[in-house]
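Colleague: I am new to this one. Can we go through the helix packing and the empty spaces, with reasons for each label?

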Amino acid sequence: MKIITADQRLAEKSGPKILIIGPSGIGKTSLLRTLRADLLASTLFIDIEAGDIAVSDLPVASVRPRTWPECRDLACALGGFNPALPATAVYSEAHFNEVMKNPELARLGGAFTLLFVDSLTAAGRLCFTWAEQQPEAFTDRGRKDLRAIYGLHARSMLGWLNQLQHTRERTVVLVAVLEKHTDELNISIWQPQIEGAKTGRELPAIVDEIITMQWVDFGDRKPVRAFVCTNPNPWGYPAKDRSGRLEQFEPPNLGALIEKLTGPGQRKPFTVVSPEQSAQT
């Protein structure tokens, strides 16, 4: 570990980690079409969902993992190894060295600056299918243990997401399905569609930006697609802007969004209101 000076840190190039959620059919995959040609050329389309018909004519490199171990190997190749882990763990140095023996994975190291993961919902399903087949998913009597399955699923999903989070120099775009959940008290909330509650709860702390892509009616009864980028918003859509550069509504253009997040612009003023001031108002 070394001390990174202020000048060194300011000179670093880092990419935002973005979660885009929206209903099926809103055009999340088609956001690849909004990227500039040079950025598209350095994009890796991680097609877990096998739903690339919307961009079948787009010149973008892709990989198509079909199993959860393939997803983990891919994340290890892209993010490097975690020095905090023992040799027997996934994402350890031993795992990384084994992954690098695959020439296809080895060439991914510095080839791409943007990772487009389609989708987090599909990745969660692969992870759950893997988890329910592991030895710890069964009791001593051979019955499935749902608590053990969901626990293993949550640990594996969060480990995978943290691995992608630490690809510091890359921009990572995760897309997921938006769903409306109504509880037993008839209270409804919007949330990403992901297997297991723990992953959904901890996801906001992992990504920098949470964007809801949805049809929005601005009062003229002509709904248009828009990015909802900040909270609170009138519909209670999930949203978060760690950059401080986004407006509540942004056009549904991924290329423009990334430029706004990584460009030379300044963040909005951050105003802190003390409890005393809040009470007075």
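**Helix packing and cavities**

Modeller: Keep in mind that this is a predicted model. Start with a contact. From helix 3, Trp68, Cys71, Arg72, Ala75, Cys76 and Gly79 meet Ser156, Met157, Trp160, Gln163 and Leu164 of helix 7.

Colleague: What makes these residues a contact between helix 3 and helix 7?

Modeller: Contact needs heavy atoms within 4.5 Å. The residues of helix 3 and helix 7 just named meet in that sense. By class, this contact holds seven nonpolar, three polar and one charged.

Colleague: Which class does Gly79 of that contact fall into?

Modeller: Gly counts as polar, so Gly79 in helix 3 is on the polar side of that division.

Colleague: Why are helix 3 and helix 7 called roughly parallel?

Modeller: Two numbers describe a packed pair of helices: the angle between the axes and the distance between them. Here helix 3 (residues 68-79) and helix 7 (residues 146-165) have axes that come within 9 Å and cross at roughly 30 degrees. Angles under 35 degrees count as roughly parallel. Helix 3 and helix 7 therefore earn that label.

Colleague: What is the handedness of the crossing of helix 3 and helix 7?

Modeller: Helix 3 passes helix 7 in a left-handed crossing.

Colleague: Now the empty space. How many cavities of 30 Å³ or more does the structure hold?

Modeller: Two. The largest has a volume of about 50 Å³, and the second largest about 30 Å³.

Colleague: What makes the largest one a cavity and not a pocket?

Modeller: In a cavity, a 1.4 Å probe fits but cannot get out; a pocket is open. The largest cavity is lined by Lys17, Ile18, Leu161, Leu164, Gln165, Val172, Leu174, Ile206 and Val207.

Colleague: Which element gives the most to the lining of the largest cavity?

Modeller: Helix 7, with three residues. Strand 1 (17-22) and strand 5 (171-182) each supply at least two. By class, the lining has seven nonpolar, one polar and one charged residues. Lys counts as charged, so Lys17 is the charged one.

Colleague: Which residues line the second largest cavity?

Modeller: Ile46, Cys71, Leu74, Ala75, Leu78, Trp160 and Leu164. Helix 3 provides the largest share, four residues. Helix 7 supplies at least two.

Colleague: How do you know which classes line the second largest cavity?

Modeller: Ile, Cys, Leu, Ala and Trp count as nonpolar. The count for this lining is seven nonpolar, no polar and no charged residues.

Methods:
Residues numbered from 1 in each chain as written. Predicted model: local features only at pLDDT ≥ 70, side-chain atom pairs only at ≥ 80, totals over all residues. Heavy atoms only, no water. Axes fitted to C-alpha atoms, helices over the stretch in contact; angles between N-to-C directions. Parallel < 35°, antiparallel > 145°, perpendicular 65-115°, else oblique. Left-handed = near helix turned anticlockwise from the far one by under 90°. 1 Å grid on protein atoms, 1.4 Å probe; cavity = no way out; pocket = protein on both sides within 12 Å on 5 of 7 lines; lining within 4 Å. Points joined across faces, edges and corners; volume = space filled by probe spheres on them.
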